[in-house]
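Thanks for passing this model along. Here are my notes, written for someone who will want the cut-offs next to the numbers.

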Amino acid sequence: MTDQLKRAIHEAKTAKTTSNPTDKAGASSEEQNFDMSESTYKTTHTAVRKARRFAMQGLYEWLVTDRRFETTDKLGWKDNAPHDIAARTRATNAMHTVHIGYYHEMMRDIPEQIEALDTLIGQHLDRNIDKLDTVEHAILLIGAYELQNRLEIPYKVVLDEAMKLNNHFGATDAHKLINAVLDKMAADLRDLEVQADIKANRRSSQKAAAPAAQPQPQTTDETKAVTNADDTSETPTTTGKPRLSANKAIKRPRANKAQANISDYRASKKASAQGHNEAAAAPTPESTAADVGLQDSNLVNSDEKSKD
């Protein structure tokens, strides 16, 4: 806060406390004539972007009025100087979020360097600069001024901000012309910066492609055999069970109830059939005695028949 601002605030407070109307009038007049310092305005990237927008509109107004009258030898019609346009803009717009210093710089320097900037733009155009649309001309003037005079701003930022201005004010396909002209201009005015950026992009692309270009190890029969042996080998534990690992899962057999019932049924049938055969083949005591009796009777009958 400057001393002038502190003084104005103090006088305004004292004017409210006093009852003298002349002091109030004096204080109010001093507040009206007080010009706030530009250091109180914002200087962020958004504030600079808004300054570019207001500068583009101011340059457009200047190009269609005083600049056009100057090129057509109607100097008596000139009554719209760039500083007047900037004063009207500040009076009719809320400029507390705009980088006022950069806005005034562009509105002052670009009209002063208009001949050199037009020559620089015309070197990369395929047409006469008078054939350009006024919005495109104003955007190219801001881009050429930043590339030539504001070296602290990266050239990619200059191109990106020009594209944003065209998207907001320009025609649909005008970005092709603006991008082509500013890209060629950057290669001339910012050659070291452009080459350094190209080399950085090339190194990053090579690093990204390096892992994919590494040769894969060839798998021979011996390595396959060793791999298979390692996969099939199971390390026994103290309990005798195979060790479980995350890489190899052991499949445990699951009992099939239907198959078990069928096996049990077959086994029971087979056992009953064998038991029946053994019971039929084994002689009982009664049958053995009867057979012996029959044999004895046969023997007696055969002896008697031989005696007769």
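The points below go from confidence and overall build to the pocket, the cavity and two single residues.

1. **Ground rules.** This is a predicted model, in which local features need pLDDT of at least 70 and side-chain atom pairs count only at pLDDT 80 or more, while totals for chains, interfaces and linings use all residues. Residues are numbered from 1 along each chain as its sequence is written, and side-chain values use heavy atoms, with hydrogens and water left out.

2. **Confidence.** The mean pLDDT (the predictor's confidence in each residue, from 0 to 100) is 76 for the protein, and 61% of the residues score at least 70. Among the elements, helix α8 (residues 134-149) has the highest mean, 96, and helix α2 (residues 21-33) the lowest, 40.

3. **Stretches to treat with care.** Over residues 19-37 pLDDT stays under 50, and the model has 12 contacts (heavy atoms within 4.5 Å) beyond four places in sequence for them. Residues 302-308 also stay under 50, with 0 such contacts. Where pLDDT is low, the predicted coordinates should not be read in detail.

4. **Overall build.** The protein has 14 helices and 0 strands; helices (H or I, at least four residues) and strands (E, at least two) are DSSP runs, numbered from the N terminus. Of the contacts with a separation of 6 or more, 66% join residues 24 or more positions apart.

5. **Surface.** Of the 308 residues, 27% are buried, where buried means under 20% relative accessible area, exposed over 50% and partly exposed in between (1.4 Å probe, protein chains only). The accessible surface is about 22,000 Å², and carbon and sulfur atoms hold 52% of that surface. These areas come from the Shrake-Rupley method with a 1.4 Å probe; for residues, only the protein chains shown count as cover.

6. **How the voids are defined.** On a 1 Å grid over the protein atoms alone, a cavity is a set of points where a 1.4 Å probe fits but cannot get out, while a pocket is an open set with protein on both sides within 12 Å along at least five of seven lines; lining residues have an atom within 4 Å of a point. Points are joined across faces, edges and corners, and a volume is the space filled by probe spheres set on them.

7. **The largest pocket.** Its volume is about 280 Å³. The lining includes Leu63, Arg67, Asp118, Ile129 and His137. Two or more lining residues come from each of α3, α4 (66-71) and α8, with α4 giving the most, 3 residues. By class, the lining has 4 nonpolar (Ala, Val, Leu, Ile, Met, Phe, Trp, Tyr, Cys, Pro), 4 charged (Asp, Glu, Lys, Arg) and 3 polar residues (the others, Gly among them).

8. **The cavity.** The search finds 1 cavity of 30 Å³ or more, and the largest holds about 40 Å³ of space. Arg49, Arg52, Arg53, Glu161, Lys164 and Leu165 line that cavity, and α3 (45-64) and α9 (155-169) each supply at least two of the lining residues. The lining divides into 5 charged, 1 nonpolar and no polar residues.

9. **Arginine 88.** This residue lies in helix α5 (residues 82-92) and counts as partly exposed because its relative accessibility is 39%. Beyond four places in sequence, arginine 88 touches Glu61 and Asn80.

10. **Aspartate 73.** Is this residue of the loop between α4 and α5 buried or exposed? Aspartate 73 counts as exposed, because its relative accessibility is 68%. Although not a glycine, aspartate 73 has a positive phi of about 60 degrees.
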